[in-house]
Every structure is written in structure tokens, then in C-alpha cells.
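Hi! Here are my notes on the model you sent over, written as numbered points so you can follow along in the viewer.

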Amino acid sequence: MDSPAASHGTHTITNTPALDPSIARRLKKTPEGLVAAIAQQHDTGEVLMLGWMDEEALRRTLTTGRATYFSRSRQEYWRKGDTSGHIQEVVSVSLDCDGDTLLIEVDQTGAACHTGTRTCFEGRMLPLARPASTESAEGTPTNA
């Protein structure tokens with residue numbers, strides 16, 4: 001399947017080598033040709049954001065050292081920080097055991113979220129319903 005960019009005619013690049021075929025074969029992509037990419041602060045483990053990459057975005061990320069994503073809404077590539085100054089310098093890239101998620105360890109400059117927060121998850125915690133426990137604080141069953 002063509003990458004989203006190729007199928008939609010955006011940012012066509014000529015004379016640029018493709019992603020290493022040995023890496024491309026390991027990717028388990030969505031029907032749209034995308035793989036989830038989690039950006040994580042390399043030194044603290046803080047989860048910053050989730051973006052999407054196709055083979056070209058991953059190639060750009062691996063070869064430039066700057067995180068590049070594919071915008072599903074705009075159908076174009078975007079390199080994190082080009083307009084905001086909130087750059088993601090890539091420290092490492094890992095592929096999970098299923099091949100469907102990338103972990104991009106970065107050194108984040110400024111906010112990672114387009115809303116201006118440090119992470120896309122900051123201040124967005126959902127309430128968690130907890131069932132009544134049948135164990136005491138010591139871990140032994142109670143007579144409930």
C-alpha cells in the first residue's frame with residue numbers, strides 16, 4: 001500500500017531513499033499505512049504525546065534526528081517544533097514486540113502538546129471507578 005502522502009499527493013519527495021526494507025517489513029501498519037508513535041522524555045520517562053508515522057515519517061525521524069509525524073487531519077508531514085519551536089530531538093527509536101507501536105525517546109524543548117501543556121495528558125486524567133475491596137490493607141480477606 002502507498003504511504004498516506006503518496007496516495008494523497010502531499011510532500012512527494014524525489015531522489016530520497018526509502019525506509020530500510022528490513023525495518024519496513026517489521027511494521028504492522030493500519031489500513032491507512034500508519035503506526036502509532038509514542039513520544040517519551042528520554043531522561044524522566046514522562047509520556048509526552050501520541051502521534052502517527054508512516055514509513056516516510058519514520059525514515060525522516062531516523063535520518064534527521066528530529067521527530068516527524070504524519071497528520072491524519074491535514075494529510076501531511078509535520079516535524080515537531082518547526083512552527084512552535086517546541087522541538088523533539090530524537091535520542092532513540094524502538095519498535096514494540098507486535099510491530100504496531102513505536103517508542104520515540106526524545107529530548108523535548110518546551111511544550112509537547114499543541115494546547116501548550118508539557119504533555120498531551122497533563123490535567124486530563126479520567127475518573128477511575130474502584131470496586132469495593134474485600135481485602136484489608138494488610139492483604140488478608142475481611143468478613144464483608
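1. Let's start with a term. Rings of Phe, Tyr and Trp (for Trp, the six-membered ring) form a pair if their centres lie within 6.5 Å; planes under 30 degrees apart are called stacked, over 60 edge-to-face, and the rest tilted. By that rule, the structure holds two aromatic pairs. In one, the ring centres of tyrosine 69 and tryptophan 78 are 5.0 Å apart and the planes meet at 35 degrees, so this pair is tilted. In the other, phenylalanine 70 and tyrosine 77 have ring centres 5.2 Å apart and planes at 75 degrees, so they are edge-to-face.

2. A quick word on what you're looking at. This is a predicted model, so local features need pLDDT of at least 70 and side-chain atom pairs count only at pLDDT 80 or more, while totals for chains, interfaces and linings use all residues. Residues are numbered from 1 along each chain as its sequence is written, and side-chain values use heavy atoms, with hydrogens and water left out.

3. Are these ring residues buried or exposed? Buried means under 20% relative accessible area, exposed means over 50%, and partly exposed is in between (1.4 Å probe, protein chains only). Tyrosine 69 is buried at 0%, and its partner tryptophan 78 is partly exposed at 26%. Phenylalanine 70 is buried at 2%, as is tyrosine 77 at 6%.

4. Tyrosine 77 has another visitor: the charged end of arginine 60 sits over its ring, 4.3 Å from the centre. To count, NZ of Lys or CZ of Arg must be within 6 Å of the ring centre and within 35 degrees of the ring normal.

5. Now zoom out. The chain has three helices and six strands, in the order α-α-β-β-α-β-β-β-β along the sequence. These are DSSP runs numbered from the N terminus: helices are H or I with at least four residues, strands E with at least two. Of the 144 residues, 31% are buried.

6. Which residues touch the most other members of the largest nonpolar core? They are Ala37, Leu48, Met53, Leu58, Tyr69, Leu102 and Ile104, out of 20 residues in that core. At least two core residues come from each of β1, β2 (47-53), α3, β3 (68-71) and β6 (101-108). A nonpolar core here is a set of buried Ala, Val, Leu, Ile, Met, Phe, Trp, Tyr and Cys residues joined through side-chain atoms within 4.5 Å.

7. Have a look at threonine 61, in helix α3 (residues 55-64). Threonine 61 is buried, at 1% relative accessibility. A polar atom of its side chain lies 2.9 Å from the backbone oxygen of alanine 57, and a polar atom of that side chain lies 3.0 Å from the backbone nitrogen of threonine 68. Beyond residues up to four places away in sequence, threonine 61 touches Met53, Arg66, Ala67, Thr68, Val90 and Val93, where contact means heavy atoms within 4.5 Å.

8. For contrast, try arginine 26, in the loop between α2 (21-24) and β1 (35-41). Arginine 26 is exposed, with a relative accessible area of 54%. Leaving out residues up to four places away, arginine 26 touches Leu95 and Gly99. Its C-alpha atom is 5.8 Å from that of glycine 99, although the two are 73 residues apart along the chain.

Notes. A polar contact is a pair of N or O atoms within 3.5 Å; within protein, one must be able to donate a hydrogen and the other to accept it, and residues adjacent in sequence count only if both atoms are side-chain atoms.
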